[in-house]
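Here's a friendly walk through one protein chain. Have a look at the picture first, and then we'll go from one spot to the next.

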Amino acid sequence: MHLLSVGSLGSLVFLFATVLRQASSLETVVGMYGQTLEIPCNKGAVKAEDVLMTKWKYNKGDGHGGDLLVRTKTESVSIIATDEYKGRINMAANSSLLLSNAKLSDQRTFTCMVVLSLDIYEYPVNVVVYKAPAGVEISDKAPELEIGKPTKLATCVAKDANPAANVTWLKDNKPLVDGVKGVSIRGSVQVDPVTGLSSTSSTLEYSATKEDADAQFSCSARHQVGKELMSSELTFTITYSTENIILQVIAPEPLLEGDNVTLKCVADGNPAPTSFNFHLKGDVIPVKNTNTYTLAHVSRDTTGEYQCSLIDNPAMMASKDVTVNYLDINLSPTGNVIKTAGEALELSFQIDSSGESKVSWTKDNVKLDKEPKFNKLKYSDSGLYEGEVEMGALRRKVSFDLVVEGAPVIKQLSKHRSEDGQHKVLICEAEGSPKPSVSWSINGTSHDESPFVNGKVTHKITVVPTVNLTVSCTVSNEFGEDTRDINVSSLFEEVRVDKRDQSDDADQTKLVVGVVVGLLIAAMVIGLAYGIYQKKSKQGSWKTGEKENGSSEEERKLEEKVEENSQKAEV
C-alpha cells in the first residue's frame, strides 16, 4: 500500500469531506484545575489497525478552530499548535489527548478526528474544569453585638473555586436561615480576571439576644468536589442595658456579732455598671469602680433592711434583710453554791436571743426532764448542774456546783445474824454533809463502808456477842453529831433459846392435833344423839302443849351445843 505524507493526508481529508461522520452525542469530561486532563478519542469504537491518521483540534469560540497535533499510522505525534497549547499537549497510545496544567480557559470543545481508508470520523468532547475553594475565612468581625440592634457580624469568603462555592452561616453548629429570627444574609461572587476562579462572599447581619452571650458563630463552604470546609468559631460580647439588679449579702453562717458583712450589688447589664449607691439605714454611700460595701464588726443593732441602687438610675433598686444572730443567757447563782439542808435555793435564769431557743439541763451529765427547782434542799440535790441553750448553730452553757451541807443524822440502825449463823451484823445508815465519820461503842471485825453518795453513808461491822449488851453508833462532822443505841443479845443465849423454842413448838403441835380430833368425835356423838331425840319426839306428839314447849326448849339448847362444838372443831 502506498503511504501518504501529512500534506497528502490533508488533501485526502479534503477529498473525503463528503463522507465525514460525527459522533451522535457530545461527551463531557471533567478535569481538576492544575492537573493533567485525559480527553478520550472514540473509546475503542474504531480499531487501531484501521486508523490511518488521528488529529486533535479545538474550538476557539469565535467560529474558528485550531489544530493541536496529529499522528499517522507510520509517523509519530506531530505538534501543530503554535498557541498556548504548544507545550501542554500530547497524545496517548490510545489516541487520547493529554492536556497538562488544566485551566479554566480549557473549558471548551476538543475534537478527535479519525481517518480511515474510506471514512472520516469526528469525536467532539466538552471539557469542564473544576476547582475546590482554597479555603474559607472570616473577616470584618464586629467588635460587639447589641441586643435587639441589627449588626453586621462578619463576612465569610470561600476563595478561588470553580464553579463558585456555596457558603452557609452557622450558630452553635446549626445553619442560619436568611430572614428568620433577626438573620439577614447577603451573598456575592467575584471572578478573578486572570485565573477566572470565583470567590464567594457572604455577609451576616444579626440581631442578638442575651442568650447569644456564649453562642459560637462559624461558616462553611461546600463544593461539587472536595470535602466541606469550616471556618474558625467566633464569639461576641453582647451589650445591653441593665434590666435587673439584686443585692447579695456575703457573710458567715450564722452571722454573729463581731463578724464582717459584705453587701454586693449585682446588675445584669453588659458591660455591667461599676458605680452604685448603698443605702444603710437612712445613709446613702456612693461607691465607684466596685460593686461591694463591707460592714465591719456588726452588732445586733446592725440587723435591718439594706438597699443598693444604680447611681445613674436611682429608681432601679434592690433590697435585702440582714439579721445578726445573738444568744445571751444569765444564771444566778453560778459557780460553787453551798447551802444547808432544808433551805430553799432560788434560781434566776434569763435568755435574750434573736430567735427561738431550746433549753436543756443536766445534773452530773445526766439529762433532767425540766429546769431544777429547790424549795427544800436535800443532800441528794448536791451536784454539778449545767444548762445549755441552743438557737440554730449557736450554743451557750452556764453551770453551778451545788453542795448541800448539814449535821449528820442516823436514819436507821439495824442488826441481823450472818448467813452462817456465827456472827451478828450491825448496820448504821446515816445522812449528812460533809461526809460524816462513823464510830461504834464496841470493836468489831469486817468493817464495811459504802460509797458516800447523795449525802448518805452506810457502815457495817460484824460482832460475836457473848453476853447481852447495848451497842451505840455515833456519826459526826463539822456541823454536829448523832448517836443511836441498839440492844444486841448474846449469840450463845439465842442458841439455847432456839433449841428450847423448837421443843415447845413440837409439844404444842401435838396438843393442837389432839384437841381437834376430840372435838370432831364429840360433834359426831352429839349429832347422833340429836337424831335419836328427834325420832322420839315425833312419837310423843300427843302430849300436852306444855310438854311440847319444854321439848322445844331442850331442842334449842341441844342445837346450840352442836353448833358450838362444830365451831370448835373448825378451829
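## Charges over rings

Lys141 lies over the face of Phe236, at 5.2 Å from the ring centre. Bear in mind that what you're looking at is a predicted model. A second spot of this kind involves Arg300: its charged end sits over the ring of Tyr326, 3.8 Å from the centre.

## The whole chain

Let's step back for a moment. How many helices and strands are there in the chain? The count is 3 helices and 40 strands. The chain has 571 residues, and 34% of them count as buried. The chain exposes about 33,700 Å², with carbon and sulfur atoms supplying 49% of that area. Take the contacts between residues at least 6 apart in sequence: 58% of these join residues at least 24 apart.

## Ring meets ring

Aromatic rings also pair up with one another, and the count comes to 11 aromatic pairs. In one of them, the ring centres of Tyr206 and Phe217 are 5.2 Å apart and the planes stand at 70 degrees; over 60 degrees counts as edge-to-face, so that's what this pair is. Tyr206 belongs to strand 17 (residues 198-206) and Phe217 to strand 18 (residues 217-222), so the pair ties together parts that are 11 residues apart in sequence. Are these two rings buried or exposed? Tyr206 has a relative accessible area of 4%, so it is buried. Phe217 counts as buried too, at 1% relative accessibility.

Now for Tyr385 and Phe400. The centres of their rings are 5.0 Å apart and the planes are at 10 degrees; under 30 degrees counts as stacked, so this pair is stacked. Tyr385 sits in strand 33 (residues 383-391), while Phe400 is in strand 34, so the pair links parts that are 15 residues apart in sequence. Both Tyr385 and Phe400 are buried.

There's a cluster as well: ring pairs link Tyr58, Tyr85 and Phe110.

## Strands side by side

In general, the strands of a sheet pair through backbone hydrogen bonds, either parallel or antiparallel. Here are three of the pairings in this chain, each with its number of bridges.

| Strands | Direction | Bridges |
|---|---|---|
| Strand 22 (residues 261-267) and strand 25 | antiparallel | 4 bridges |
| Strand 34 (residues 394-417) and strand 35 | antiparallel | 9 bridges |
| Strand 35 and strand 38 (residues 456-463) | antiparallel | 8 bridges |

Strand 22 and strand 25 belong to an open sheet of 3 strands, in the order 21-22-25 and with antiparallel pairing. Which strands are at the edges? They are strand 21 (245-250) and strand 25 (292-295), each of which pairs on one side only. From one strand to the next, the twist averages 20 degrees. To find a bridge by eye, start at Lys264: its partner in strand 25 is Thr292.

Strand 35 (residues 424-433) is another good place to stop. This strand is mostly covered, with 9 of its 10 residues buried. Leu426 in strand 35 stands opposite Lys415. Glu431 has its bridge partner in strand 38, namely Lys456. Strand 34 and strand 35 form a hairpin with 6 residues between the strands, and Gly421 in this hairpin takes a positive phi near 75 degrees.

## Two buried residues and their company

Leu377 lies in the loop between strand 32 (366-367) and strand 33. Why does Leu377 count as buried? Its relative accessibility is 3%, and buried means under 20%, so Leu377 qualifies. Leaving aside neighbours within four places in sequence, Leu377 is in contact with Lys339, Thr340, Ala341, Gly342, Glu343, Leu345, Leu402 and Val404. Take Leu345 from that list: Leu377 and Leu345 are 32 residues apart in sequence, yet 7.3 Å apart in space, C-alpha to C-alpha.

Ser198 has its place in strand 17. At 8% relative accessibility, Ser198 counts as buried. Which residues does Ser198 touch, if we leave aside its neighbours within four places in sequence? Its contacts are Ala158, Lys159, Asp160, Ala161, Ala164, Val189, Gln190 and Val191.

Technical notes. Residues numbered from 1 in each chain as written. Predicted model: local features only at pLDDT ≥ 70, side-chain atom pairs only at ≥ 80, totals over all residues. Heavy atoms only, no water. Pairing = 2+ DSSP bridges. Helix = DSSP H or I, 4+ residues; strand = E, 2+ residues; numbered from the N terminus. Axes fitted to C-alpha atoms, helices over the stretch in contact; angles between N-to-C directions. Buried < 20%, exposed > 50% of the residue type's maximum accessible area, 1.4 Å probe, protein only. Phe/Tyr/Trp six-rings, centres within 6.5 Å; stacked < 30°, edge-to-face > 60°. Lys NZ or Arg CZ within 6 Å of the ring centre and 35° of its normal. Contact = heavy atoms within 4.5 Å. Areas by Shrake-Rupley, 256 points an atom, 1.4 Å probe, with all protein chains shown as cover.
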